[in-house]
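Visitor: Hey, got a minute to walk me through this fold? I'd like to go strand by strand and then look at some helices.
Guide: Sure, let's pull it up.

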Amino acid sequence: MRIWIVLLVLLGLGLAQPLRWNGQSEYRAIPGASTAAGTALDRSYTLLYPAQGTPRGTIVFVPGFLGGATNFDALARRLVLAAPGWSVWAWDRRANGLEDRQGFTTADPWAYYQNYKLPDFPFLKDWGLRVHLEDLERVIDQARSAGPVVLAGHSLGASLASLFALYRGEKISGLILLDGAPRLIPLTREQYLQGSEGSFGRLAGLNELLEGKAPPYINAFGLNLAGFAQAEAQAFMTAQNPLADAPPGWAPFRASRLAAALYRVDERYALSPIFAVSVGQATGREGINLLSLVVGSLIYTIRGPRGSRVEWRDNGEATDPMEFIGMYASPTTGFSEWFFPYRLSLDISAYEVAMPELKPRALPYPVLALGAGRGLLPQESNFRSVGETFPNTRTDIRILPNLTHLDILTSRNGDAVGPIAQYLHGVR
């Protein structure tokens, strides 16, 4: 239980490809499962990257906890080059349709989201595992019209993709897990229904959620839609002018836009290892973040500039800072899912209770599991639940060294591209 709370709080082959893809992605809405929210909201979305050459099939990527479609932008652009004939569909869950992205069309997106109010959206309490699996099935049904479909998930998205393989595994031709597994944070039936106590406070159960006594989307421990919107606004404005002075409020010290935006997400400074990337280092004066010692890791803080302001230095780490900023946000969709349904996180953690028909089964195709050496699943043993969920199924587990949990998607060398391309080559 403690691991789950920490996650909420903290939120191969050398075939890396240079960025030569000059195509255009397309954002498409796909009708989903029917709910009380109504037809206008009963849809999910895909960010489509067309295949290069004669079409062979589609790989559908499922983002993780609080993740959005552009999580996969760098990986998708490299993969369509490394795997000719394969298109990439990066999925946005239905809650992404609730986001007010009008601020990105204004002159000052940061100001627009400074006073962003938290809406209610009570219908989110019904958007659980079954609704999302049905949404995903409709996405896959559309993709299958162009050939076989391989499903790939990152982090909690790997759990969701695995549960789809239990739900409708005959509709896909392959399964790829990126630093995630079928069972990451299990809940007992009692914890699922009644809630539980942990090191950082109490987590509500399903009963409280359905009674309206708990927020229907993630809004705790500093994780909320206002913060997600402001972070994307920072990245969006930084991409337009990275060397400009950061506006007041971006950082507690004078800095360039690039430094102010990246110091919050770089693993050297971020308290959230599952939301951190390795993108370089600030030029400012540093100290030790004492709060990091509580969670057992050494994290630094920036005390101020060495010169007139704090700058950002690309020191060749896994993720390119400017590429990361460029993929973080757009007027259409972004890196985060602002309204991640709390019901979905509960249902995934106790899926045997939420959907008892989901039983372990053998798959007729192999599973590729890639762990990040400095990520969530850095050892082969961390993927034990893959064999338990898919008995008698061939599994290829590889650990990609020196990558954080997000680097596996954003690395400039495309470390995950080679193994994925090789896997797709074997799909029939």
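**Around the central strands**

Guide: Let's start with one pair: Val60 stands opposite Trp89 in β4. Keep in mind that this is a predicted model.

Visitor: OK, so how do β3 and β4 run, and how many bridges join them?
Guide: They run parallel, joined by 5 bridges. To get from β3 to β4 the chain passes through helix α2 (residues 73-82), and that β-α-β crossover is right-handed.

Visitor: And what about β2 and β4, parallel or antiparallel?
Guide: Antiparallel, with 5 bridges between β4 and strand β2 (residues 43-49). One pairing to click on is Tyr49, whose bridge partner in β4 is Val88.

Visitor: Is β4 mostly covered or mostly open?
Guide: Mostly covered: 7 of its 7 residues are buried. One side has Trp86, Val88, Ala90 and Asp92, the other has Ser87, Trp89 and Trp91, and all of them are buried.

Visitor: Why do the residues split over two sides like that?
Guide: That's the general pattern: in a regular strand, side chains alternate between the two faces of the sheet.

Visitor: Zooming out, what's the strand order in the sheet?
Guide: β1-β2-β4-β3-β5-β6-β13-β14, so 8 strands in an open sheet with mixed pairing. At the edges sit β1 (26-31) and β14 (395-404), each pairing on one side only. On average, neighbouring strands are turned by 25 degrees against each other, ignoring direction.

Visitor: How does β14 pair with β13?
Guide: In the parallel sense, over 7 bridges, with β13 covering residues 367-374. Ala372, for instance, has Leu400 in β14 as its bridge partner.

Visitor: Now helices. What does α5 touch on the sheet?
Guide: Helix α5 (residues 156-168) packs on it, touching β3 (57-62), β4 (86-92), β5 (149-154) and β6 (174-178). Its direction makes about 145 degrees with that of β5.

Visitor: And which strands does α16 lie across?
Guide: Helix α16 (residues 417-425) lies across β3, β4, β5, β6, β13 and β14, and runs at about 175 degrees to β13.

Visitor: Switching topic: at what angle do α8 and α11 cross?
Guide: Roughly 120 degrees, with the axes of α8 (residues 225-240) and α11 (residues 321-328) coming within 8 Å. That makes the two helices oblique to each other, and the crossing is left-handed.

Visitor: Which residues make that contact?
Guide: From α8, Ala231, Glu232, Ala235, Thr238 and Ala239; from α11, Ile325, Gly326 and Tyr328.

Technical notes
Residues are numbered from 1 along each chain as its sequence is written. This is a predicted model: local features need pLDDT of at least 70, side-chain atom pairs count only at pLDDT 80 or more; totals for chains, interfaces and linings use all residues. Side-chain values use heavy atoms; hydrogens and water are left out. Two strands pair if DSSP finds at least two bridges between them. Helices (H or I, at least four residues) and strands (E, at least two) are DSSP runs, numbered from the N terminus. Axes are lines fitted to C-alpha atoms, for helices over the stretch in contact, and angles run from 0 to 180 degrees between N-to-C directions. Contact means heavy atoms within 4.5 Å. Buried means under 20% relative accessible area, exposed over 50%, partly exposed in between (1.4 Å probe, protein chains only). A crossover is right-handed if, with the strands pointing away from the viewer, the path from the first strand over the helix to the second runs clockwise. Angles under 35 degrees count as roughly parallel, over 145 as roughly antiparallel, 65 to 115 as roughly perpendicular and the rest as oblique. A crossing is left-handed if the near helix is turned anticlockwise from the far one by less than a right angle, and right-handed if clockwise.
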